[in-house]
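Hi everyone, thanks for making time for this. I'd like to walk you through a structure that is new to most of us, so please have a look at it while I talk.

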Amino acid sequence: MKQIAEETTQAAPLRFPEGFRWGAATAAYQIEGAATADGRGPSIWDGFARRPGRVHEGHTGDVACDHYRRYREDVGLMRELGIGTYRFSIAWPRVKPDGTGPVNTRGLDFYDRLVDELLAAGIEPMATLYHWDLPQALEHGGRDGWGNRDTAAYFAEYAAVTVARLGDRIGTWTTLNEPWCAAFLGYASGDHAPGRTDDQTAFRAAHHLMLGHGLAAQALRAAGVRELSLTLNLARISPADPADPHDRAAARHVDGVLNRIFLDPALRGEYPADMLALFDRFGATDAIRDGDLPVIATPIDLLGINYYQPALVKAQIGAPATPMYPGTEGVAFLPLPGPVTYMGWHIDPTGLSDLLLRLSHDYPGTPLMVTENGAAYYDEPDGDRVADPDRIAYLDGHLRAVHAALTAGADVRGYLAWSFLDNFEWAFGYDKRFGLVYVDYPTQRRIPKDSALWYRTITRTNTL
């Protein structure tokens with residue numbers, strides 16, 4: 001990584017377009033804590049984290065970064081660090097503790113206070129309505145979570161009451177964050193809450209999540225929101241041998257299960273034929289009803305892209321399906337050469353520039369925003385300093401990739417680093433640190449890392 005850092009810091013300065021939005025992102029369950037405060041109900045992640053062996057060392061989000069009580073301190077730190085846009089998620093279980101029914105006004109009161117604090121600090125709030133914390137009442141008791149079509153309607157109801165309370169001050173609203181993770185990690189591989197392993201339900205969940213997006217988008221449009229968005233985790237999927245038609249077919253298939261199964265219904269109003277074949281194979285075609293696709297294709301103003309690493313695949317006879325990619329029998333995922341993060345994720349900024357250009361070409365007319373990009377490393381404070389040169393090199397390389405895509409014609413409107421704070425990293429608990437700001441969990445002390453100070457220079461000058 002030292003060589004990468006030297007190469008990136010020696011490159012020529014790059015200026016971004018006027019109005020380019022700089023910021024950082026978080027998610028409710030990962031930072032808020034206060035799991036039972038002010039009427040909040042349990043989410044599927046509260047239940048999942050308490051199941052033995054599901055989360056690293058039994059960690060939970062009960063306290064997390066205690067942001068629910070420390071939000072003023074955190075917003076002040078954002079202002080000091082030049083964060084212009086703050087993407088956060090609203091916890092459905094705070095607003096409607098049982099997923100439907102009465103509104104918990106005390107839960108909305110917190111987001112009232114947070115939004116007012118952000119605006120007073122000159123920071124643009126960007127709200128995400130769903131970042132995986134489904135109210136547990138909708139999953140249990142035979143209600144089947146996102147496998148149940150009713151959940152999409154309940155999500156739209158929650159969106160409507162939330163925007164009614166906060167829409168006068170929040171301009172940008174995102175319906176879903178990474179429906180692929182919610183559907184396939186949650187219901188196929190079982191790596192995420194609710195921890196189920198049922199491919200049929202996973203495909204039903206994928207469709208119902210997108211239907212929920214469309215219904216919520218309609219509710220947000222009716223409320224007059226200024227900017228409506230959807231955030232997907234996307235990646236470049238490459239064949240091991242581009243000249244081999246079998247490898248190309250393998251890459252196309254994985255691209256379908258990760259990327260096109262969400263992009264095409266949202267932006268083209270249709271499912272790709274190869275993905276419809278998978279719905280049929282797993283007995284989930286009946287989840288797709290007449291009239292659903294026009295709802296899902298409700299126009300959006302911005303597509304959020306969460307990017308971390310690309311993938312390399314090849315056709316391999318006898319290879320079992322990868323659980324998080326149902327239907328991928330005969331496809332092998334190959335290790336990529338080069339450096340990796342503390343997550344073991346391959347570092348390749350070209351995957352981001354290629355992805356942004358592909359989206360601009362395949363889905364023209366939809367502005368793009370990098371809504372998550374970052375890296376976990378093993379960070380340790382030395383007094384009041386946390387040196388993280390590898391993270392600086394990672395961010396530098398990926399920001400150069402964004403600039404390269406802009407120069408080549410991609411319509412990219414902003415970049416949000418993941419994450420503002422170290423936090424509860426889902427099944428990895430508190431073992432993995434993505435933050436620009438170090439959090440000492442026993443004391444809740446915040447220490448801006450060197451990467452945060454480096455990033456501040458970029459956000460203030462609009463220049464890398």
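Let's start at S419, which sits in the loop between strand 11 (412-418) and strand 12 (437-440). Please keep in mind that we are looking at a predicted model. What joins W418 and S419? A cis peptide bond does, with omega at about 0 degrees. That deserves a pause, because most peptide bonds are trans.

There is another cis bond to show you. The peptide bond from A193 to P194 is cis, and its omega is near 10 degrees. You can find P194 in the loop between helix 8 (179-187) and helix 9 (199-222).

While we are on backbone geometry, here is a related point. Most residues other than glycine have a negative phi. Now look at D144: its phi is positive, about 75 degrees, although D144 is not a glycine. D144 belongs to the loop between strand 3 (124-130) and helix 7 (150-166). Is D144 buried or exposed? With a relative accessibility of 23%, D144 counts as partly exposed. E178 also has a positive phi without being a glycine, in this case about 50 degrees. Its place is the loop between strand 4 and helix 8. E178 has a relative accessible area of 5%, so E178 is buried.

Let's step back and take in the whole chain. How many helices and strands are there? The protein chain has 15 helices and 13 strands. Its radius of gyration is 21 Å, close to the 23 Å that the globule rule gives for 464 residues, so the chain is as compact as a globular protein of that length. Measured out along its principal axes, the C-alpha trace spans about 55 × 55 × 45 Å. Of the 464 residues, 62% count as buried. If we take the contacts between residues at least 6 apart in sequence, 77% of them join residues at least 24 apart. The accessible surface comes to about 16600 Å², and 52% of that belongs to carbon and sulfur atoms. As for charges, the chain has 44 positive and 59 negative ones, and their mean positions are 3 Å apart.

Now please turn to strand 5, residues 227-233. How many of the residues of strand 5 are buried? The count is 7 of the 7, so strand 5 is largely enclosed by the rest of the structure. In a regular strand the side chains alternate between the two faces of the sheet. In strand 5, both faces are covered. One side has E227, S229, T231 and N233, the other has L228, L230 and L232, and all of these are buried.

Who are the neighbours in the sheet? Strand 4 (residues 172-177) pairs with strand 5 in the parallel sense, over 4 bridges. One position to look for is T172, whose bridge partner in strand 5 is E227. Strand 5 is also joined to strand 7 (residues 302-306) by 5 bridges, and these two run parallel as well. Here, T231 has G304 of strand 7 as its bridge partner.

Let me finish with three individual residues.

The first stop is S43, in the loop between helix 2 (28-31) and helix 3. Its relative accessibility is 0%, so S43 counts as buried. Which residues does S43 touch, not counting those up to four places away in sequence? They are Y29, P93, D133, L134, P135 and Q136. S43 and W92 are 49 residues apart along the chain, while their C-alpha atoms are separated by 8.3 Å.

Next comes D66, in the loop between helix 3 (44-49) and helix 4 (67-80). D66 is buried, with a relative accessible area of 11%. Leaving out residues up to four places away in sequence, D66 touches I31, E32 and Q444.

The last stop is Q200, which is part of helix 9. At 32% relative accessibility, Q200 counts as partly exposed. Setting aside its neighbours within four places in sequence, Q200 is in contact with F282, G283 and A284. Q200 and R281 are 81 residues apart in sequence, and 8.8 Å apart in space from C-alpha to C-alpha.

That's my tour. Thanks for listening, and I'm happy to go back to any part of it.

Note on methods: Residues are numbered from 1 along each chain as its sequence is written. This is a predicted model: local features need pLDDT of at least 70, side-chain atom pairs count only at pLDDT 80 or more; totals for chains, interfaces and linings use all residues. Side-chain values use heavy atoms; hydrogens and water are left out. Buried means under 20% relative accessible area, exposed over 50%, partly exposed in between (1.4 Å probe, protein chains only). Contact means heavy atoms within 4.5 Å. Two strands pair if DSSP finds at least two bridges between them. The radius of gyration is taken over C-alpha atoms; the globule rule is 2.2 Å times the number of residues to the power 0.38. Accessible areas come from the Shrake-Rupley method with a 1.4 Å probe; for residues, only the protein chains shown count as cover. Lys and Arg count as positive and Asp and Glu as negative; His and the chain ends are not counted. The place of a charge is taken as NZ of Lys, CZ of Arg, CG of Asp or CD of Glu.
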